[in-house]
Structure formats: C-alpha cells, structure tokens
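Please open the model in a viewer and keep the sequence panel at hand. The stops below are arranged as successive selections, from a contact network outward to the whole chain and its loops.

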Amino acid sequence: MIKGQKSVRGGIEDFLCPFTDIYITQGSNGKLSHRGIMANDVRGREVGVRYAYYAPCTCKCVKIYLESGQAMWQSTGKVRFANGRVDYATFMTAHDNSFDAKVGMIVPQGNQLGNMGTKGNATGVHCHIQISQSSDTSWFKNQYGIYKFNNEYDLDDCYFVDNTNIIYGMGGNWKTTDKVPVTPTPAPSPSGADQLLYPGSKVRFDGIFKVDILKSPISSNLFGCCQLTGCSYNDYYNEKVKAYHWLPCGPFVECDSNGNPTKDQVFTGGSSLCKNDNIYTVKEIDIPSNSAKLNIDGRDVWVFSKYLYEVSNN
Ligand SMILES: [Zn+2]
C-alpha cells in the first residue's frame, strides 16, 4: 500500500500490505528466528533504509515492547483478509527505532504505523510482521522458544498487495483485492413496500448509472447524470441546470457494468458508472415531473422516481 491508501468494500476494510515495497529477508518457519511461526522480515527497496509502513486497517495499539520497538495491534472491527476470511486482525510489528506507539492509540487505515529499523536484536533494517486472523491477543513461546499467536496465517493469506511492489516475495501467492471479489449485498426485499412514493418513503437507487459530467471545479465533488435527472448533457455542460440536479459523488460508488466496485474509485465524467446502495427518505414528491426529492450528503437533489426502489420501513 501507499501512504493514505484505504480500501473498504461492503462496509468492511480490506487488510492491506503495510509496505510500499517488499523484499522478504526471512519467511515463515525461517531457520534464523522464525522456527514454527508464520512471520516475515521485510525490508524495502534499498538495504539499510528505515522506510515507513502504514496501518493495513484501522487498528488500535494493544501492547508495546519498548526494548524491541515492537507493538501488538488489533483491528477496530472485522476486516477482510487475502484468503477471503472476514475476522479481526491481531498483529505484531517490531524493530522500529523511532517507536512512539502508545497503548490505546488508534491509527486509521493508511496512516503511518511505524518505520523499519533494527531495534531489539535485529540483523539489518527491517520490519518483523506476524498476523493472527482473530481477536486473540495470546502471545506465547512455541516449542522452539519463539513467540507466536494462535490462528497465525502466512502473510500471502493475510494482506492484499494493491500498490505494493514485490521485489522479492519468496514465491508467495500474493493477491490484490480484485482477486477476491465481494458479493454485492442483495437488495432488501420489496415485500411490504407498495412502490408508491410519498414523503417519508424509504428508497434506494435501482440500477447502475452513468456519470455524464463532473462539475467544475472537480473539488466540488458533484456530478451530473442525465438519466437520473432528465437534464441534458448540454445543459449540464453550460451550467444551465439547477443546483439540485447535481448529485454529490460521496455516497456513489464507481462500479463496472456488473455493479462490482472499481479499484481506483475515481469518477471520470463521460465514462464512469456508479451505484448507490444507501437508503434515503423521500422528502417531497413532484407529480408533474414524477421526481422525488432526497437529501444526499446534506444536499437536496431531485431525481426521477422510476429509478428509486421503495424498501420496507421495517
Ligand atoms: Zn523476524
């Protein structure tokens, strides 16, 4: 991963590889200091450089070991691992010379977690990382006197390597998030909903829509969708549409034509498709235009009722 990277699908964070480059100097069950444990010693592109690494998920510091620049971290919620499992992550990082973690601190996914280093009997600058796919914080010696977790997994079963350069990966089966698709959550059952909209109806968007144009400046994070609003592309282009016909990008997810989220999640006017799985409450109905007013991200917008799907209130 790179600094600031986040990956959330279906409301669950993907557990990302905390390193931008990986060169593994000792793998799982390595003869030097990894006998009987699943751990990797990872250095970066250049030997001896104390590269930063980042929080693979939003995590909390649960234990610290100052003498070895070491911390035990635990995800604040369940995460998705590269083997498809969804569970808590409890993991150890070690050898950070500039260690400043404190028990209880929470680091959001993508923020810096530490630096590779040599603190605590390490040979050469690296980060030792060891991961349990569980919330179990037990940390105990195995038969070789090496500390381990319960429920350890090999690292290629743990983290996704989106934006990580694998310089030397010891032949691991490294996966990016697109190799582990997420089944879209099925639409709520329409039973109990009569599909007649009125103020107070709970609705969601029914379908996949084209991002026809992005409002300038791009930082306004608004887009035009001719299909949803009935405004023409030229009207959008010439800024002749009303403010309530621009839709906030925020809750819309960029997807492919099958509704699967794209990797970059960056909208492009004229070629991106998007969907929105949130549930909104209809504020007002306009019968002549057959439109409904919704409040999306704090902004009132009017869209055609026919693209809204009423869901049961309970
Ligand atoms: Zn190690």
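Two residues are in contact if their C-beta atoms, placed from the backbone, lie within 7 Å. The coordinates belong to a predicted model.

**Stop 1: Phe15 and the largest core**

Select Phe15 and display its surroundings. Setting aside residues up to four places away in sequence, Phe15 touches Pro56, Cys57, Val79, Arg80, Phe81, Ala89, Cys158, Tyr159 and Phe160. Next, extend the selection to the largest nonpolar core, which holds 40 residues. The members that touch the most other members are Phe15, Cys17, Ile129, Ile131, Cys158, Tyr159 and Phe160. At least two residues of this core come from each of strands S3 (21-26), S4 (39-43), S5 (52-54), S7 (70-75), S10 (90-94) and S13 (127-132). A second core, separate from this one, has 28 residues, including Phe209, Val211, Leu228 and Tyr236. In soluble globular proteins, nonpolar side chains tend to be buried together.

**Stop 2: strand S10 and its partners**

Now select S10. Are its residues buried or exposed? Five of the five residues of S10 are buried, and the strand is mostly covered. In a regular strand the side chains alternate between the two faces of the sheet. In S10, Thr90, Met92 and Ala94 point one way, while Phe91 and Thr93 point the other way; all are buried.

Add S7 and S13 to the display. S7 and S10 run antiparallel and are joined by four bridges, whereas five bridges pair S10 with S13, also in the antiparallel sense. Centre on Met92: opposite this residue in S7 stands Met72, and in S13 its bridge partner is Gln130.

**Stop 3: His128**

Remain in strand S13 and select His128. Why does His128 count as buried? The threshold for burial is 20 or more other C-beta atoms within 10 Å, and His128 counts as buried because it has 23 C-beta neighbours inside that distance. Beyond neighbours within four places in sequence, His128 is in contact with Ala39, Asp41, Ala94 and His95. For a distance check, draw a line from His128 to Gly117: the two are 11 residues apart in sequence, and their C-alpha atoms are 9.4 Å apart.

**Stop 4: a four-stranded open sheet**

Select strands S1, S2, S8 and S9, which form an open sheet in the order S1-S2-S8-S9 with mixed pairing. Strand S1 (8-9) and strand S9 (86-87) are the edge strands; each has a single partner strand, so one side of each is left without a neighbour in the sheet. Strand S8 (residues 79-80) pairs with S9 in the antiparallel sense over two bridges. Within that pairing, Val79 has Asp87 in S9 as its bridge partner.

**Stop 5: the whole chain**

Zoom out and colour by domain. The protein chain is divided into domain 1 (8-179) and domain 2 (202-310), with 40 Å between their C-alpha centres. The C-alpha trace spans about 75 × 40 × 35 Å along its principal axes. The chain has two helices and 28 strands, and 36% of its 314 residues count as buried. Among contacts with a separation of 6 or more, 62% are between residues 24 or more positions apart.

**Stop 6: backbone features in loops**

Most residues other than glycine have a negative phi, and most peptide bonds are trans. Three places merit inspection against that background.

- Ser216 and Pro217 are joined by a cis peptide bond, with omega about -5 degrees; Pro217 is in the loop between strand S19 (213-214) and strand S20 (222-224).
- Met170, not a glycine, has a positive phi of about 50 degrees. This residue is in the loop between strand S16 (165-168) and strand S17 (202-205), and counts as partly exposed because it has 18 C-beta neighbours inside 10 Å.
- Asp297 also has a positive phi, near 50 degrees. Its place is in the loop between strand S26 (291-296) and strand S27 (299-304), and its 14 C-beta neighbours inside 10 Å are why it counts as partly exposed.

**Stop 7: confidence**

Finally, colour by pLDDT. The average for the protein chain is 92, and 96% of the residues score at least 70. Select residues 187-192, where the pLDDT is below 50; this stretch has seven contacts in the model beyond near neighbours in sequence. Where pLDDT is low, the predicted coordinates should not be read in detail.

Technical notes: Residues numbered from 1 in each chain as written. Predicted model: local features only at pLDDT ≥ 70, side-chain atom pairs only at ≥ 80, totals over all residues. Core = buried A, V, L, I, M, F, W, Y, C linked by C-beta atoms within 7 Å. Buried ≥ 20, exposed ≤ 12 C-beta atoms within 10 Å, placed from the backbone. Pairing = 2+ DSSP bridges. Domains from an automatic or database assignment. pLDDT = per-residue confidence, 0-100.
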